[in-house]
Every structure is written in structure tokens, then in C-alpha cells.
Amino acid sequence: MEYFEITGGTPLHGSITLQGSKNAALPLMAASILHPGRTTLHHVPAIRDVDVMIEILENIGCTVQKDKGTLIIDAAKAEHFEIAASLGERMRSTIILLGSMLGRAGRAKMPFPGGCIIGMRPIDIHITSLGKMGAVFEETDGMLCAETDGLCGTRIHLRFPSVGATENVILAAVYARGRTRIENCAKEPEIAELCRFLREKGAKIEGEGTSCILVEGVSHLRDSTYTLMPDRIVAGTYLFAAAATRGEICLEGMRPSDMESVLDVLGRMGAVYENREDGFYLDGRKAINPLPVVCTETYPGFPTDLQSQLLATLCVARGRSVIRECIFEERFRIAPWLNRMGADVTTDGREAVIEGKAHLSGQMVKAQELRGGAALVIAALMAQGITRVYGSAFIERGYEDLAGDLRKLGAVISKKKAER
């Protein structure tokens with residue numbers, strides 16, 4: 001098993017350029033199979049989830065060329081619209097291919113995504129919504145099978161603004177007959193990114209960023225080239241790392257307008273920031289204030305994908321903080337590891353109470369999922385002594401070069417292989 005070894009106690013300082021967005025790249029790659037032609041994507045992050053999606057696309061019949069941060073996807077010969085269970089098990093977000101497969105071929109077969117360590121991820125909203133458009137579902141040998149004689153546009157009201165369900169309905173609606181009206185849809189910036197990308201390919205979509213998106217079905221799409229947005233969750237991770245270590249950093253390429261709730265939290269902690277010509281600057285030297293209550297919410301609220309990073313940062317605040325997790329029911333799994341490092345975190349259901357300490361101490365800890373793993377790295381950066389964060393593969397699902405970026409900011413961190 002590989003691990004990150006970190007010697008803590010050094011405030012982060014310096015400038016780095018942000019990677020492309022994981023949560024935008026995967027839906028755009030899924031959307032590429034709608035068009036039996038070429039899609040060129042720039043600023044694609046070199047992460048494990050992207051590699052798995054490439055393997056899935058190639059398994060379907062696409063040709064994928066990869067050159068640094070550019071992908072050229074040719075879906076002209078895509079005809080095998082089934083995802084093997086062995087591939088589906090490696091990435092939970094394979095479900096976002098459902099809408100594209102039904103739109104392109106009228107059929108799809110894939111493993112159920114099931115749950116994961118941060119909580120269950122039910123797909124009933126996906127199935128109900130696509131069913132209203134004319135898709136028929138059944139379970140065969142533990143696989144989700146879907147077929148349609150032709151998708152039809154209709155009014156769909158999502159009972160919860162699920163990002164994945166919103167993406168699937170948008171993808172299915174591109175070729176559906178007539179107009180699809182998606183109410184109570186997700187407003188995340190990655191949804192807007194998907195809509196902009198599809199418009200570049202010739203889709204007719206409006207309303208992204210609001211609670212109602214309209215899609216008018218078209219008969220065909222076209223070749224296109226698109227550059228992905230920066231990753232706001234990676235940006236937030238580095239901002240919290242700077243606050244936790246009482247450092248100063250500048251992030252090139254960050255979009256502050258996508259991160260208002262995160263910046264509000266950092267400001268309440270005492271951080272000072274501004275958007276400059278050379279990037280987004282944050283001074284975390286006085287980010288010592290505890291937070292009475294922070295609740296995770298759907299966008300534009302505070303994102304669940306940054307809750308663990310905030311939790312780690314508050315472990316050295318001067319006072320008591322409370323975090324309420326309102327999206328996933330199992331997102332406090334890092335609490336025992338933080339306590340092992342000397343933190344004082346008490347959890348009860350969906351609430352965590354954090355009593356700030358003067359410092360943490362280096363220990364051996366283990367990442368069990370993507371964002372929790374990044375949070376343990378933050379804890380290690382502010383701890384006294386050496387910390388080993390095992391399970392680096394989880395972190396590499398979403399961070400292109402976490403260790404390299406942090407070294408550019410002055411951190412003492414390296415990736416190593418455990419001895420057998």
C-alpha cells in the first residue's frame with residue numbers, strides 16, 4: 001500500500017495553478033457518446049476516476065487519445081452499451097452514463113452503484129425521472145438494464161436536487177422528442193458546465209444555474225472542442241490547508257463566484273482574501289475562530305465535498321465548532337483518525353462537535369475515501385512531527401498531484417510505498 005509521509009508544522013506559502021474539475025470532466029466524458037463523432041476536451045485532470053472513465057468509453061467502442069491534459073474522444077463506433085461489473089465497481093459515478101446511452105442507443109446495462117463509505121447513493125430519482133421519459137428498467141443478474149423505444153420530453157420535478165439525476169435527465173433529453181422541463185434541479189456550477197458543453201455541440205438548453213432547466217430535443221450534434229472549468233473542491237481543499245497551517249497562498253485559475261459559501265466560512269474563521277490579477281490570494285494567518293454551526297447543503301450552500309477538510313481545519317481553532325452533515329449520513333468517518341492525532345471531535349448522528357486544540361501530533365492514519373483522505377493530509381500538515389496517510393489511491397481519485405502541489409507551497413510531503 002502506498003502512503004503520503006508528511007512532516008507538519010510548516011505554513012503553506014506560494015502559488016499553484018488549479019487542475020481541471022473532476023466533477024465536470026466525468027459528465028462531459030459521458031456526454032461525448034451522444035455524438036457519433038469527435039469531442040476534444042482540454043484541461044482534463046490526470047486522476048484515477050478519469051482513467052476509469054476512459055477505460056469504460058473504450059470498452060463501449062470509443063477511441064480515446066490522451067495527451068497530457070487533452071482528451072480526443074471519437075464515439076463513431078460506440079455500439080456496446082454495457083458496462084462490465086468489474087469496471088463499475090471501480091467508480092461509483094458510472095450511473096451518469098445512463099442518460100447518454102439511452103439517448104444514443106435506446107438501451108443500457110450497468111452495475112448498480114450501491115452505497116459507499118460516506119453513505120448510500122440511491123438511484124431511484126434517476127430511474128423515476130428517466131421512466132417518465134419512456135425508459136423501462138429491470139434488474140438482470142444484479143445489473144441495471146434499461147431500454148426505450150424513444151425518449152419523449154416531459155415535465156420532471158425532482159424530489160431532491162440531485163446532481164447526478166439532473167445530469168442524467170439533461171443527457172437523455174438532448175435527443176428526446178419535444179421539450180423536457182426539469183424542475184427543482186441541481187444548480188451546481190458543474191451542471192452549468194455540462195449545459196454549456198452540450199450547447200457547443202448543438203444542443204438546445206437554457207436555464208442552467210436556476211431551479212428549472214429546459215431542453216428542446218434535437219436530431220443531431222456536432223464535433224466540438226471545450227476547455228474544462230477549474231476544480232472548486234480542489235481549490236477549497238488548498239484554501240483550508242492554508243488556513244489550517246496559518247499560511248498564505250495564491251491559486252491561479254480559481255473562480256471565486258463558484259465558491260461564495262466556502263469563502264464566507266473562511267472569512268468567519270478570520271482568513272483574509274482577495275481576487276488579484278495573478279490569482280486568488282488567501283491569508284490564513286489569523287484563521288483561528290471557531291464556527292458555531294456550519295451545515296452542508298446543496299449548491300449554493302456549503303458543499304459536502306469540503307466538509308471533511310473544514311472539520312480537520314477546525315480541530316485547531318480556538319473554541320468549540322459544530323458541523324451538521326445534511327447530505328451524506330456517514331461523512332464523519334475521519335473523526336477517530338483525527339482524535340488519534342490529538343483532536344477532540346465528538347460525533348452524534350449527522351452532527352460533529354469540535355473542541356479546538358493548540359496542536360495535533362503526527363500519527364499513522366488511513367484514508368477510507370476521497371475527501372476524507374484529503375482532510376487527513378490537511379491534519380498532517382498542521383500536526384507536530386511525522387504523519388503517514390495510508391490509502392493514497394483514494395485521494396488520487398480526485399487530486400491530480402496533491403503531494404506535488406503541496407510541495408510547491410512549501411510542505412514537506414512525499415509519496416512512499418509500504419514495506420511488506
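**Exercise 1. Two helices**

At roughly what angle do the axes of helix α8 and α9 cross, and within what distance do they come? Then classify the pair and name the residues in contact.

*Solution.* The model is predicted.

Step 1. Find the helices. Helix α8 covers residues 232-244, and helix α9 covers residues 260-269.

Step 2. Read the geometry. The two axes come within 11 Å and cross at roughly 5°.

Step 3. Classify. Angles under 35 degrees count as roughly parallel. Therefore α8 and α9 are roughly parallel to each other.

Step 4. List the contact. Leu239, Phe240 and Ala243 take part from α8. From α9 come Val262, Leu263, Val265, Leu266 and Met269.

Step 5. Sort by class. The contact of α8 with α9 has eight nonpolar residues, no polar and no charged.

**Exercise 2. An open sheet**

State the strand order of the open sheet. Explain why β6 and β9 each have one side without a neighbour.

*Solution.*

Step 1. Set the order. Three strands line up as β6-β10-β9, with antiparallel pairing.

Step 2. Look at the edges. β6 (107-111) and β9 (136-140) each have a single partner strand, so one side of each has no neighbour in the sheet.

Step 3. Add the twist. On average, neighbouring strands here are turned by 20° against each other, direction ignored.

Step 4. Follow one pairing. β9 and β10 (residues 143-147) run antiparallel and are joined by five bridges. In one of these pairings, threonine 140 has methionine 143 in β10 as its bridge partner.

Step 5. Add the helix. Helix α4 (residues 97-105) packs on the sheet and touches β6, β9 and β10. The direction of α4 makes about 155° with that of β6.

**Exercise 3. Empty space**

Describe the largest cavity and the second largest pocket by volume and lining.

*Solution.*

Step 1. Count the cavities. The whole structure has five cavities of 30 Å³ or more.

Step 2. Take the largest cavity. Its space is about 40 Å³. Arg232, Asp258, Met259, Glu260, Ser261, Val262, Tyr299, Pro300, Gly301 and Pro303 line the largest cavity.

Step 3. Find the main contributor. Helix α9 gives the most to this lining, with three residues.

Step 4. Sort the cavity lining. Five residues are nonpolar, two polar and three charged.

Step 5. Turn to the second largest pocket. About 180 Å³ of space lies there. The pocket has 13 lining residues; nearest its centre are Ala244, Arg246, Val316, Ala358 and Met382.

Step 6. Sort the pocket lining. The classes are seven nonpolar, three polar and three charged.

How values were computed
Residues are numbered from 1 along each chain as its sequence is written. This is a predicted model: local features need pLDDT of at least 70, side-chain atom pairs count only at pLDDT 80 or more; totals for chains, interfaces and linings use all residues. Side-chain values use heavy atoms; hydrogens and water are left out. Two strands pair if DSSP finds at least two bridges between them. Helices (H or I, at least four residues) and strands (E, at least two) are DSSP runs, numbered from the N terminus. Axes are lines fitted to C-alpha atoms, for helices over the stretch in contact, and angles run from 0 to 180 degrees between N-to-C directions. Contact means heavy atoms within 4.5 Å. On a 1 Å grid over the protein atoms alone, a cavity is a set of points where a 1.4 Å probe fits but cannot get out, and a pocket is an open set with protein on both sides within 12 Å along at least five of seven lines; lining residues have an atom within 4 Å of a point. Grid points are joined across faces, edges and corners, and a volume is the space filled by probe spheres set on the points. Ala, Val, Leu, Ile, Met, Phe, Trp, Tyr, Cys and Pro count as nonpolar, Asp, Glu, Lys and Arg as charged, and the others, Gly among them, as polar. Angles under 35 degrees count as roughly parallel, over 145 as roughly antiparallel, 65 to 115 as roughly perpendicular and the rest as oblique.
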